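Please open the model in a viewer and keep the sequence panel at hand. The tour below proceeds by selection, each stop followed by what is to be found there.

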Amino acid sequence: SYSFCTLLVFFSPFHLHTMHSYATVVVDALERLEDVAKDASKKDELEPVLVESEQALRGDNTVEGGDDKKKVKGVVSSLWGCISGMKDVRPALKARSREVCARSLQKAISKGASPKMDIELSRAWQKTGREWLCARVPVEAVRCIDVAIVYAEGVPSSHKTTALLADCYTSAIEARWKADQDPLVYAASVTARLWGHADDATRTLDLFYDMAEEAHNTKKHGACIEILTFALESSSQSKKPILPEVQARMLRLESHSYHLLGNISAAKTSIETANSLHPTCVGTYLLCRYLVQLQSPEAQPLIPVLLG
């Protein structure tokens, strides 16, 4: 049994302070970072203060106690806004500052504590990943966005996470593309989830189009066709209809890559399908050109249309 003196020491203000000292360390680090982040004249101090904050968040320590958790969340919220307002700061420093916020939240919120908190954590990590993409450090973006996905996927489906999951999956594909980490392999592994959450399917296809266009412009025509074929085939699972002009634009690019590879028959098929979805003068001209190259009599009735 405890003696009176032991109990007195255990509940003394000093002992209670040491019990909660990790929360104090985190809050102090965040407040120092906020002080620098909100004052443009202190931007040269940002990196050393950031290093201190990152060191404070290493290890497996967690913030315990309801009041301490609230305090950490409050300071994170305030700091997050300051980071958004930072000017003339290296993008990587902004990304690291975002990650300090996300990691601090993670120290104060247990996974699965509540759907609302898991959503908050997922958004923080997803936006941190986007910040790493802006800083052109895609490997770090992949890491952060993958954490965001773990939190988002753990939220019960009854909660409105559709837009969040769509953002996470498309960001994960984009980060892997920019990090040269087999984006199509990843996209194929999440196809059903990707299109099941694609509220804006056009935006998702725009990402695949950008990937394909980059491949096309760097003369990787086989890769361009592979990306476009995957995007068009997998998008058939989309719960939202794909606009015909969006599909047609992708097919026109596919046709151009086939043409540059010397596969005129496939180029003709792609442009024919594009024209059936969304006819354009350019599409008609290309179709006529390919038909002439293939010495097809079908070209004859198209020539007056082009000339007239």
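Buried means under 20% relative accessible area, exposed means over 50%, and partly exposed lies in between, with a 1.4 Å probe and protein chains only. The model is predicted: local features need pLDDT of at least 70, side-chain atom pairs count only at pLDDT 80 or more, and totals for chains, interfaces and linings use all residues. Residues are numbered from 1 along each chain as its sequence is written, and side-chain values use heavy atoms, with hydrogens and water left out.

**Stop 1: Asp88 and Lys94**

Select Asp88, which lies in the loop between α5 (66-84) and α6 (91-108); helices (H or I, at least four residues) are DSSP runs, numbered from the N terminus. Asp88 has a relative accessible area of 68% and is therefore exposed. Its phi is positive, about 50 degrees, although Asp88 is not a glycine.

Move next to Lys94, in helix α6. Is Lys94 buried or exposed? With a relative accessible area of 16%, Lys94 is buried. Not counting residues up to four places away in sequence, Lys94 touches Ile83, Ser84, Met86, Val89 and Glu131, where contact means heavy atoms within 4.5 Å. The C-alpha atoms of Lys94 and Glu131 are 7.2 Å apart, and the two residues are 37 apart in sequence.

**Stop 2: helices α7 and α8**

Select residues 115-134 (α7) and 138-153 (α8), which pack at an angle of about 165 degrees with their axes 8 Å apart. Axes here are lines fitted to C-alpha atoms, for helices over the stretch in contact, and angles run from 0 to 180 degrees between N-to-C directions. The two helices, α7 and α8, are therefore roughly antiparallel; angles over 145 degrees receive that description, while those under 35 count as roughly parallel, 65 to 115 as roughly perpendicular and the rest as oblique.

The crossing of α7 and α8 is left-handed, a term used if the near helix is turned anticlockwise from the far one by less than a right angle. To view the contact, display side chains including Trp125 and Trp132 of α7 and Ile145 and Tyr151 of α8. By class, this contact of α7 with α8 has 12 nonpolar, four polar and three charged residues. Ala, Val, Leu, Ile, Met, Phe, Trp, Tyr, Cys and Pro count as nonpolar, Asp, Glu, Lys and Arg as charged, and the others, Gly among them, as polar.

**Stop 3: helices α12 and α14**

Now select residues 201-217, helix α12, whose axis comes within 10 Å of that of α14 and crosses it at roughly 15 degrees. The pair α12 and α14 is therefore roughly parallel, and α12 passes α14 in a left-handed crossing. Among the residues that meet are Phe208 and Tyr209 of α12 and Met250 and Leu253 of α14. The contact of α12 with α14 has eight nonpolar, four polar and three charged residues.

Beyond this helix, select Thr218, in the loop between α12 and α13 (221-234). Thr218 is partly exposed, at 46% relative accessible area. The C-alpha atoms of Thr218 and Leu57 are separated by 42 Å, the two residues being 161 apart along the chain. Lys219 is in the loop between α12 and α13; it is exposed, with a relative accessible area of 68%, and its phi is near 65 degrees, a positive value in a residue other than glycine.

**Stop 4: the nonpolar cores**

A nonpolar core is a set of buried Ala, Val, Leu, Ile, Met, Phe, Trp, Tyr and Cys residues joined through side-chain atoms within 4.5 Å. Which members of the largest core touch the most others? Select Leu30, Val72, Ile173, Phe208, Met211 and Met250, which do so among its 83 residues. Apart from that core lies another, of 10 residues, among them Ala267, Ile271, Leu286 and Tyr290.

**Stop 5: His259 and helices α15 and α16**

Finish at His259, in helix α14 (residues 244-260). His259 counts as buried because its relative accessibility is 17%. Leaving aside neighbours within four places in sequence, His259 is in contact with Ile264, Ala267, Arg289, Tyr290 and Gln293.

Extend the selection to α15 (residues 264-277) and α16 (residues 281-293), which pack at an angle of about 150 degrees, with axes 9 Å apart. That makes α15 roughly antiparallel to α16. The crossing of α15 and α16 is left-handed.
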